[in-house]
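I sat down today to see how the protein meets the DNA here. Below are my notes, one strand at a time.

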Number of protein chains: 2
Amino acid sequence: MFSSLINKRKKRILHLVVHNYIQTARPIGSNVICKNYGLKISSATVRNILADLEKEGYLTHPYTSAGRLPTDKGYRFYVDSLEENNQLTVKEEMLLAARYKINNYELKEMLWQLSHLLSLVSHYTGFVFSVSQEKVIFKHLKLIHLSNKKILAVFITQAGLIKHKVICLRSTITIKNLKRMCNILNDEMVGFTVKEVRNKILDKIKKEKIAYKEFLELGKELNEQIFKIKEELYLEGISNILSFTNNHQRVESVFNILQERKMLSYLLEEKFDKKENVKVFIGNENSYPQMNDWSIVSAVYKTGDYPIGLLGIVGPKRMEYSRIIAEVDYISRMANKLLEQGEEE
Amino acid sequence: MFSSLINKRKKRILHLVVHNYIQTARPIGSNVICKNYGLKISSATVRNILADLEKEGYLTHPYTSAGRLPTDKGYRFYVDSLEENNQLTVKEEMLLAARYKINNYELKEMLWQLSHLLSLVSHYTGFVFSVSQEKVIFKHLKLIHLSNKKILAVFITQAGLIKHKVICLRSTITIKNLKRMCNILNDEMVGFTVKEVRNKILDKIKKEKIAYKEFLELGKELNEQIFKIKEELYLEGISNILSFTNNHQRVESVFNILQERKMLSYLLEEKFDKKENVKVFIGNENSYPQMNDWSIVSAVYKTGDYPIGLLGIVGPKRMEYSRIIAEVDYISRMANKLLEQGEEE
DNA sequence: ATTAGCACTCTCTCCGCTTGAGTGCTAATA
DNA sequence: TATTAGCACTCAAGCGGAGAGAGTGCTAAT
């Protein structure tokens, strides 16, 4: 793509400028480039090249006599030129796996732990965005009588993940009826997706096929609280990225835009083609001005082949992409494993 | 105590200075005090009084010709002089209760929601610090067979709160044995505190009173994961207080000191006598230098008469104490109710 | 005891100066 | 033709001094 536009030396210098800016956070000048990186060309030549790169949109400088720093396009070049060797070594993986063990089959807890892990290893802000999981398949439901009006519903998915919730009813329900209901659901729902299960329960309620009235309330509640697996966003390590800006409002606006979830949904739906795992969103590449100073390194995680969420980190645009991409890649694979692990047993 | 030291007018002026500083965040001068608050004395007199108050340690000024601002001692006076009418009106309480309903009997979820609520209403950072709940009383335990090696343990306390966790075993356990074990525990543990339950289970394991070996592993896991109710800290709304400082490090150090929990334990254990509900900790009154610019408004929450945790907010020293004290008071009472509510049903 | 008056203090802001890093252009060079 | 040396130019950043203004502390009068 740009290999036709800019030659090897140009690329080298662009890479250098971005790399240096990531490390020092200061604009870099032609002299420094020559001296520190042992290029066999004079600073004047470098200046010409820098001017070219600026004309082509890869670099800017904040004022006339300042050094150069990358634009979003410059970062994009840097990241794209990186995306070959972005894997952790086996040793690093083992170290990481040993230090942070995630052993939890409760979905919520697990996702939270993943976001925490992301923040810990990256030193930026970790997130896990769990989207509506319509394709989750019903395996088993337990309804446990806690008191006359309190039921603990335990839902086990095909993949072996567990979701449970205490449901408070207005009217009392007998143990007998509860058991009956539980049996009916387990008989009829196995193998269906939660979406289908929801509809089937709704049908039952509408057509009043069920002889006893308790079904009504409990059915509704189950649909609402257990089988409607909503979007959830886990954010950890916000304080990690405070030091990267001197403008608090900017940090706040980033988290606001994240918490709105619209951007994340968009990233998840629009931007992933199947082959690549980790994807980087630089600055306001996606025309969210609030993201101006920030980048997102993210990966989808899946059950089987079906993507069910997005995880990754949010950090300053000048971030150590190479390391972070490798880490997010690894953790997303870890997530995939965790989500399938249940099936083995 | 100081009524002997400083007279009514002095108090009035001290109160004024603190109040004004809380609102404006700027040192206040003698002229402003006279003009804006309609005192019938000259600025010179006010100056004399201010000088006195400074000598007595209630005020300082940052440099010679600047206005006055409160010291920790000054804030302390202000807060103490406030502590009569620090209740929400019935109307406010109702508004608050209507807007934010907490209906959840799962302990963890509930505590998290409380911390979230604290942050929402206060606009500062909310926290709930749940300490080791040794006095929690065993009411019922359910052990639910999920698969050969996975058990869902559901623990219901006397107060009706629910704690559950999935336990993964190394060796398989039969449904029959699981039931037997569950029965034994329910027969023998009702009415004992979790601390006692832990010891009893330990005894059983040691003396090998139990005929089948599965008890060993599951017993240990139950002790570790269900009956050992550890300290937990829920922090919400960190971003709320970013705007109160221009030094990120300072914010970070506050949260570090909170997350260490030592200070919170200290506050909980040492500082609460029975009669007062809400307590305010101003700046580094407790000799934590990291707290220099911050105050904590907190209250214990209890089951029955036994305090089981601390909740409250962290905010800038110049905070709207009156409002915040009332809110924390109300939410702590809400917490107490939620923790006892279960018993009613 | 209170107050008017006044000298004094110290921050804050503006302004101009200097420094130095870095650029862009031009003309010479390989 | 690509590279380079040379040089004028630009602009942020840092420094210091001047002036304004807010506020104090002291003294002497009421």
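**Entry 1: DNA strand C**

I began with the surface near DNA strand C, and found that α3(B) gives the largest share of it, four residues. For the record, I took helices as DSSP runs of H or I with at least four residues, and strands as runs of E with at least two, numbered from the N terminus. "Near" in my notes says that one of a residue's heavy atoms lies within 4 Å of the molecule or strand.

Before going on, I noted that this is a predicted model, where local features need pLDDT of at least 70 and side-chain atom pairs count only at pLDDT 80 or more, while totals for chains, interfaces and linings use all residues. Residues are numbered from 1 along each chain as its sequence is written, chains are lettered from A and ligands numbered from 1 in the order in which they are written, and side-chain values use heavy atoms, with hydrogens and water left out.

Which residues come nearest to DNA strand C? Of the 20 around it, I listed A:S30, B:T45, B:Y63, B:T64 and B:S65. Of the strand C atoms that come within 4 Å of the protein, 74% belong to sugar and phosphate.

Next I looked up polar contacts (pairs of N or O atoms within 3.5 Å; within protein, one must be able to donate a hydrogen and the other to accept it, and residues adjacent in sequence count only if both atoms are side-chain atoms). The side chain of A:R47 has an N or O atom 3.1 Å from a base nitrogen of DNA strand C. B:R47 places a polar side-chain atom 3.4 Å from a base oxygen of that strand. At B:S42, a backbone N or O atom sits 3.1 Å from a phosphate oxygen.

**Entry 2: DNA strand D**

I then turned to DNA strand D, which has 21 residues around it, with A:S42, A:T45, A:T64, A:S65 and B:S30 coming nearest. Here sugar and phosphate make up 73% of the strand atoms within 4 Å of the protein.

What does A:R9 reach on DNA strand D? A polar side-chain atom of A:R9 lies 3.0 Å from a phosphate oxygen. For A:Y63, I noted a polar side-chain atom 3.4 Å from a sugar or linking oxygen. B:S65 uses a polar backbone atom, 3.1 Å from a sugar or linking oxygen. The elements giving two or more residues to this surface are α3 (43–55) of chain A and α3 (43–55) of chain B. α3(A) gives the most, with four residues.
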